[in-house]
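Dear colleague,

I am passing on the structure that we spoke about, with the sequence alongside. Please have it open while you read the notes below, which go through the strands, their pairing, the second largest pocket and a few single residues.

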Amino acid sequence: MRLHVNAGRPFHFRVALTNTSKRPFRFKSCPVYLEGLSSMFRHERHVLNCEPVGTIAPGRRVIFDMVFHAPANAAIGNNGLDWELGWKTAQLGPFADVPVRVSR
């Protein structure tokens, strides 16, 4: 399934993060995440709104509502929406590259 993104318009989606460890997880601070179209060299940087989450119990999942503002000059056609948590951190954080179709 390919999602549909309109160039120059906001695109709403959700990201689910699961605590796969055997210990409770609490963010020390809210991390930066990166999102953008695979074909573009510039991606948006944002801070994840993790404060309301509190502690994530082992095996539990939390869902975050996201909004990506697709660039007005995005190439029309098949693309990918990249999302990465903890951008430029020491460890590779959760990431996704989801197929999207860009139109005007």
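How many bridges join S2 to S7, and in which sense do the two strands run? The model is a predicted one, and in it S2 and S7 run antiparallel and are joined by 9 bridges. Two of the residue pairs are worth finding on the display: Arg14 stands opposite Asp65 in S7, and Ala16 has Ile63 of S7 as its bridge partner.

The side chains of these two strands can be read together. Along S2, which covers residues 10-18, the side chains alternate, with Phe11, Phe13, Val15 and Leu17 pointing to one face and buried, whereas Pro10, His12, Arg14, Ala16 and Thr18 point to the other face and are not buried. Strand S7, residues 61-69, also alternates: Val62, Phe64, Met66 and Phe68 point to one face and are buried, while Arg61, Ile63, Asp65, Val67 and His69 point to the other and are not. The residues of the two pairs named above, Arg14 and Ala16 in S2 and Ile63 and Asp65 in S7, therefore belong to the faces whose side chains do not count as buried, for which the cut-off is under 20% relative accessible area.

On the other face of S2, two of the buried residues form a ring pair. The structure holds 3 aromatic pairs, and in one of them the rings of Phe11 and Phe13 have their centres 5.8 Å apart and their planes at 25 degrees, so the pair is stacked. Both of these phenylalanines are buried.

As for the chain as a whole, it contains 0 helices and 9 strands, so that from the N terminus on the elements run β-β-β-β-β-β-β-β-β. Of its 104 residues, 35% count as buried, and the C-alpha trace spans about 45 × 25 × 20 Å along its principal axes.

Five of the strands make up an open sheet with mixed pairing, in the order S1-S9-S8-S4-S5. The edges of this sheet are strand S1 (3-6) and strand S5 (44-47), and because each of them has a single partner strand, one side of each is left without a neighbour in the sheet. On average, and with direction ignored, neighbouring strands of the sheet are turned by 30 degrees against each other.

Within that sheet, S8 can be followed on both of its sides. Strand S4 (residues 32-37) pairs with strand S8 (residues 77-85) in the antiparallel sense over 5 bridges, and here Tyr33 stands opposite Leu85 and Leu37 opposite Leu81. S8 and S9 likewise run antiparallel, joined by 8 bridges, and Leu81 stands opposite Val98 in S9. Leu81 thus has Leu37 across from it in one direction and Val98 of S9 across from it in the other.

Which strands supply residues to the lining of the second largest pocket? Strand S2, S8 and strand S9 (95-103) each supply at least two, and the largest share, 5 residues, comes from S2. The volume of this pocket is about 160 Å³, and of the 13 residues that line it, the closest to its centre are Phe13, Val15, Trp83, Ala96 and Val98. By character the lining divides into 11 nonpolar, no polar and 2 charged residues. Phe13 and Val15 are among the side chains of S2 that are buried, and Val98 is the residue of S9 that stands opposite Leu81.

Finally, is Tyr33 buried or exposed, and what of Arg23? Tyr33, which lies in strand S4, has 8% relative accessibility and so counts as buried; its C-alpha atom is separated by 13 Å from that of Ala16, 17 residues apart from it along the chain. Arg23, in the loop between S2 and strand S3 (25-26), has 64% relative accessibility and therefore counts as exposed. The C-alpha atoms of Arg23 and Pro58 are separated by 5.5 Å, although the two are 35 residues apart along the chain.

With best regards

Key: Residues numbered from 1 in each chain as written. Predicted model: local features only at pLDDT ≥ 70, side-chain atom pairs only at ≥ 80, totals over all residues. Heavy atoms only, no water. Pairing = 2+ DSSP bridges. Helix = DSSP H or I, 4+ residues; strand = E, 2+ residues; numbered from the N terminus. Axes fitted to C-alpha atoms, helices over the stretch in contact; angles between N-to-C directions. 1 Å grid on protein atoms, 1.4 Å probe; cavity = no way out; pocket = protein on both sides within 12 Å on 5 of 7 lines; lining within 4 Å. Points joined across faces, edges and corners; volume = space filled by probe spheres on them. Nonpolar A, V, L, I, M, F, W, Y, C, P; charged D, E, K, R; others polar. Phe/Tyr/Trp six-rings, centres within 6.5 Å; stacked < 30°, edge-to-face > 60°. Buried < 20%, exposed > 50% of the residue type's maximum accessible area, 1.4 Å probe, protein only.
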